[in-house]
Amino acid sequence: MQKIFITGMGAISSIGSTVDEHLNALRSGKCGIQKARFFKSRYAEDLVFGEVPFSDYQLKEFNNLTSQKEITRTTVLALNAFKEAIHNAGISAELLKSDRTAFISSSTVGGMCYTDELYSDANLKGEPSNYARSYEGSDHTWRITKMFNIGGVVDTINTACSSSANAIYMGARLIQTGRADRVIVGGADSIAKYTVNGFNSLMILSEKACKPFDEHRSGLSLGEGAAYLVLESEDAAGKKHKIAELNGFGNSNDAFHPSTISENAIGPILSMNLALQMTGIKPDLIDYVNAHGTGTMNNDLTETRAINTIFKKVPPYNSTKSYTGHTLAAAGSLEAILSILSLNNNELYPSLRCESPIKAHQSRPIFEFVRKELNYVMSNSFGFGGNCTSLIFSKCI
Amino acid sequence: MYLKDLSSVSPQVTYTEEFINGDYIIYSKNILSVIEPSYSEIIPASLLRRMGKAVRMGIGAALPLIERNEKINGIVMGTANGGLENCINFLNQIIEYDEGVLTPTHFVQSTPNALAGQLALMSKNTGYNVTHVNGPLAFENAILDAMMFLEGASNKTSLLLGAVEEISNYNYNIDLIAGRYKLENIANNDLITSQTNGSICGEGATMFIVSNDANDALAKIINLKQINFPNQIDLEQLLNQFLIENDLIPDDIDLLILGNNGDVQFDSWYVLLRSCFPANMEYVYYKNFVGEFRTNSAFALFFATQLLNGRFHNHKGIQGNFRNTPKTILIYNQFEGIHHSFILVQSPEPE
C-alpha cells in the first residue's frame, strides 16, 4: 500500500493568513478570540469570536475576486488556504488538471453564510440576491474545482465538527487504493448567524474566550477559517520535500446522542484506537495529542476520559481551539496542520486559559511552552451526529 | 462491491412491491412528494415528532434493511442538502425573532449528517460513519467511499449505503429562482418529451446494503466515474476510457439508464451519449417516476438492480426502448451539463 506524505499546507484563521503566521501565533501565545469586527449579529456585542480579521471585500481583494458578487466568505477563505497549499507543494496548473489529482473539501455552513439573503431568497421576498446559486454545502468546492480545472475525483464532506478530518481520511484512501496520486484535502467555514444561533440555542457558547479543559469552562468560542493539505503518494512526491507522513486514521460513531458525546467516550476511544492500529504502534509512542477540546462541559470531560483510558502514561495534550476558536468544518485540517507544526519544530504550545484543570482526572493539558523531541502526533475531531475521527502523523527525516 | 438488499421511499409506492409490479402514479403538478410508509412500527412516536422529513424518510427506508440483514460495519450517506425544512425553519426564526431565544431542535435536525448519526444511534452502530454533501454527485461519492472501505476490509464486511433529499417550499423557491424548474405545469409521464427549460422537482430516500461478499447478491457495482465541467468531446473520450478501464466495449452494455429530466437546455447530453453506442441499444429513463433532485442517481441504482433481476417487464410506466433482461447496465446522469457520472452495474454472475 502506498505511503501518504504531506507535501503542502495552507491555512487561514483568526491567528494568521498563512501557515507561517500560525506558527508565530502559537509560539507567542497569541489568541485570535475577541469581539467581532465584521460579523453583524446581536451576539456580536455579547460574545467573542475567532474571526478572520478581514472584511469579505478585503478577502476578495487579496484573491482578485472583487468583481464576483456571488462568491461567499466561505469560498474566499477556502480559496486563500487552497492556493497557499498548492503553491507550497509546487502543484502546477497542469498537474491540477490531471485525472490523478483529487480535491476533497468540507464545510458545515457552506454557502449559507449570508443568513439574511438566504431568508429573502427562500421566502421569495424581493429580487433574487447575488447568492441565489451559491447556497449549497458544496458551493465552495465546485467554484475552486472550476477555477483550477481539477481533473480527478471531487468531493465535499459534512460530518459536522469532524468534517475536514474525514476529508483527510477520504483523500488518504484515494491514494492508498491507487485512485489518485495527489489529493488536496481540507475544509472551510465562516462565522454565520446560522451557526452562532444554533450553538447559542444549545447553550454551549462561552461569553468569554473558551477555556478548554478547565474545571470552570463555560462553552466554546466559534471561529472561522480554512485549511488544506496536499497529500501525495510516495511515488508522486518523489524527491520533493516531505513535510510529514500520515500514518493512521480512524473513524467511528459514538451512537449515543445527536449533540453530545457519551460519558464513557465510546466513539472517541474507538477512533483513537483505530488510528493507532493502522499506524501499527503502541499508544506510548504518541508524543502529543491535539485534542478536539472545544471547551464545552461535555466534550472536554469525555475527551479527558478517553485520553486517560487509552494512554497509561498520558502524553502532552492541548486544545489549539484556545487560540483559533472552533472553526467547525475547518477544525480537523487546521488542527492537523497545527499538530504538524508542533511535530516538525519539536515544540509544545500551552493550552490557553486552563487555570484549574478538570478535577475528575489526574491529567492536565500543556501549560507552558516546551521544547521536546516529537515523533508521532495525534489529532482528534469529534462532531454532532456522533462522528469521531482521529489522525496520526509522523516526522519525515 | 456487491449489493445485497435495497429499499426506497420515493414519489412512487416503492416501499412495497406495488410500483415494481406495474402500478405507478401520474402527478399533474411539478412537485413530486414521497409516498411515505407508516413509521409507527419503525420509529418511536416521541422521536418521530421531532424528525424532519429527510431524517424520517431516510430512517423509514434504512432501518428495516439494517434489521433484516447481518450486522453492518458502518453507514455512508449522500445528500446535497440534508434536512432543508428544518434548516430554513430555523433560519426564519433567526430573522423573525431577531436572533432571540430559539429552540435547538431545528438546528440539530438540519445538519446533513443528522440522518447517518440518527441511524447509528438507533441501530447502536459505532462503525464507520460518513456523510457526503457534494451536490449532484453526493451519492456517487458515497458509493466510492463505500467501495474503498470494503476494498480495505480483510473479513466479510458490509455497509449501509444510501441517499436522501427532501423538498421544502424553500429549496423549491431557491431552485426556482435559479431557473431549474419549469414554469408551466407538466405531468411526470410527459417529462421526458418536454421541450421547455427546467425540470420538475422530486425527493426520496434510497438505501442499500453493500458488501464484499458475493453470496446471494442482487447486483455488483463494477465501477463509477465522475466528470466535471467537460466539453462534449471530453464526454465521448471519457466514456470510452471508462469502458476500457473496465475491460468493456460499447457492445458489452445491454442497457443504458438515462437521467433525462425534460430540460431542453441539457438533455442533448443524453443524445450524445447514446450516439456512442449501437443504434439498437436499449435504454430506459427514470426521472419520469421520481422527478429531479440532487441524489436521484440512488433511485437509478435501485431501478437498475430491479431490472437486472428480471423486474419491470411489461411495466406500463417504462419509457425508452427496453425488451430484454439486461446483465450489464450503464447509468448516466448529468446536472446542468456541468457534473456527469457513470455507474456500471452488473448482475452478480454475468455470462
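What follows is a short chat about a predicted model, with a focus on chain B.

Me: Before we start, how are residues numbered and chains lettered?
Reply: Residues count from 1 along each chain as its sequence is written, while chains are lettered from A and ligands numbered from 1 in the order in which they are written. As this is a predicted model, local features need pLDDT of at least 70 and side-chain atom pairs count only at pLDDT 80 or more, whereas totals for chains, interfaces and linings use all residues.

Me: What's the average pLDDT of chain B?
Reply: Chain B averages 95, and 99% of the residues score at least 70. pLDDT is the predictor's confidence in each residue, from 0 to 100. For the complex, the predictor gives an ipTM of 0.98 and a pTM of 0.98.

Me: How is chain B divided?
Reply: Into domain 1 (2-211) and domain 2 (219-346), with bounds from an automatic or database domain assignment. Their centres, taken over C-alpha atoms, are 22 Å apart.

Me: How many residues does each domain give to the contact?
Reply: Domain 1 of chain B gives 43 residues and domain 2 of chain B gives 37 residues. Contact means that the C-beta atoms of two residues, placed from the backbone, lie within 7 Å.

Me: Which element gives the most on the domain 1 side?
Reply: α6(B), with five residues. Helices (H or I, at least four residues) and strands (E, at least two) are DSSP runs, numbered from the N terminus.

Me: Switching topic, how many residues does each chain bring to the contact between chain B and chain A?
Reply: 49 residues come from chain B and 53 residues from chain A. α6 of chain B is among the elements that give two or more residues to chain B's side.

Me: And the core, which residues touch the most other members?
Reply: In the largest nonpolar core, of 237 residues, they are L229(A), I337(A), A146(B), I257(B) and A304(B). Such a core is a set of buried Ala, Val, Leu, Ile, Met, Phe, Trp, Tyr and Cys residues joined through C-beta atoms within 7 Å. Buried means 20 or more other C-beta atoms within 10 Å of a residue's own, exposed 12 or fewer, and partly exposed in between, with C-beta atoms placed from the backbone. α6(B) gives the most to this core, with 10 residues.

Me: What is A146(B) in contact with?
Reply: Leaving aside neighbours within four places in sequence, A146(B) is in contact with M1(B), V76(B), L159(B), L161(B) and V210(B).

Me: Is I257(B), in strand β7, buried or exposed?
Reply: Buried, along with L255(B) on one side of the strand and L256(B) and L258(B) on the other.
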